[in-house]
Amino acid sequence: MTSIVENRELPNMTLIGLSGPFLGLMSPTPNGHDVIPGILGQLFDALEEADEFEFGWAVGVMTPAKDSDVPGAMEYFAGLVIEEMPEYHPGLQKLEVPAGLFSVCEHIGSVDELGETTQWFYSDYLPGSGAKWREAAHLEVYDERFDPESDHSVVMICAPIEG
C-alpha cells in the first residue's frame, strides 16, 4: 500500500445513488468495512432496474448521522457522477456535492487495505498537517484508476479543508 497526499479543488458533482447508516472511525465499534459494500451492492442492484444512462466516477459521501447521539454514527451515500438525471430511476436519490478544497489521500493498493489508509490519514496525517476542517461532507472517490481486483487500485479519500 502506498499513499500520496495533496490539497486539491474538487468540482461540483451531481450524484445518483443510495444511502445507509454506518458507524465511522470515531465509534468504539466502527462497521464501515462491513456495511458500505452492502450499500454499494444495493446501488448496483437498483441500477439494473433504472433506465440506461451514462455516469462517471463512483463517489462515497460521508456525513454525520442526523438526530443521532451514537458516537461515530454516520450516513454513507453511494453515488455515481451524472450529467443529467435519468427519466426512470426507481429508488435512487439525487445528491449535489458542492465544489471545494479537500486534503486528498490517494490510497494505492488493495481495497482490503483501504481501512488502514483511512485510519492513518484521519488519525495521523491530518492532525499533524495543520489543515483546518471546514463543514462539508467527506468523500471517497473511485475514478477510472479504481479496480477492486488489483493491488495497484487507486481510491481518493477526501477530507474538506479551508483554503
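## Aspartate 67 and its loop

Aspartate 67 sits in a loop of this predicted model. The loop links β3, residues 55-64, to β4, residues 73-82. The backbone here deserves a look. Aspartate 67 has a positive phi of about 55°, yet it is not a glycine.

Is aspartate 67 buried or exposed? Its relative accessibility is 86%. Exposed means over 50%, so aspartate 67 counts as exposed.

## Order of the elements

Now take the protein chain as a whole. It has two helices and eight strands. Read from the N terminus, the order is β-β-α-β-β-β-β-α-β-β. The radius of gyration of the protein chain is 16 Å, and the globule rule gives 15 Å for 163 residues. These values are close, so the chain is as compact as a globular protein of that length.

The C-alpha trace has its own dimensions. Along the principal axes it spans about 45 × 35 × 30 Å.

## Inside the chain

How much of the protein chain is buried? Of its 163 residues, 42% are buried.

Contacts also link distant parts of the sequence. Take the contacts with a separation of 6 or more. Residues 24 or more positions apart account for 77% of them.

## Surface and charge

The protein chain exposes about 9,200 Å². Carbon and sulfur atoms supply 52% of that area.

Charges come next. The protein chain has 6 positive and 29 negative charges. The mean positions of the two sets are 12 Å apart.

Note on methods: Residues numbered from 1 in each chain as written. Predicted model: local features only at pLDDT ≥ 70, side-chain atom pairs only at ≥ 80, totals over all residues. Heavy atoms only, no water. Helix = DSSP H or I, 4+ residues; strand = E, 2+ residues; numbered from the N terminus. Buried < 20%, exposed > 50% of the residue type's maximum accessible area, 1.4 Å probe, protein only. Rg over C-alpha atoms; globule rule 2.2 N^0.38 Å. Contact = heavy atoms within 4.5 Å. Areas by Shrake-Rupley, 256 points an atom, 1.4 Å probe, with all protein chains shown as cover. Lys, Arg positive; Asp, Glu negative; His and termini not counted. Charge placed at Lys NZ, Arg CZ, Asp CG, Glu CD.
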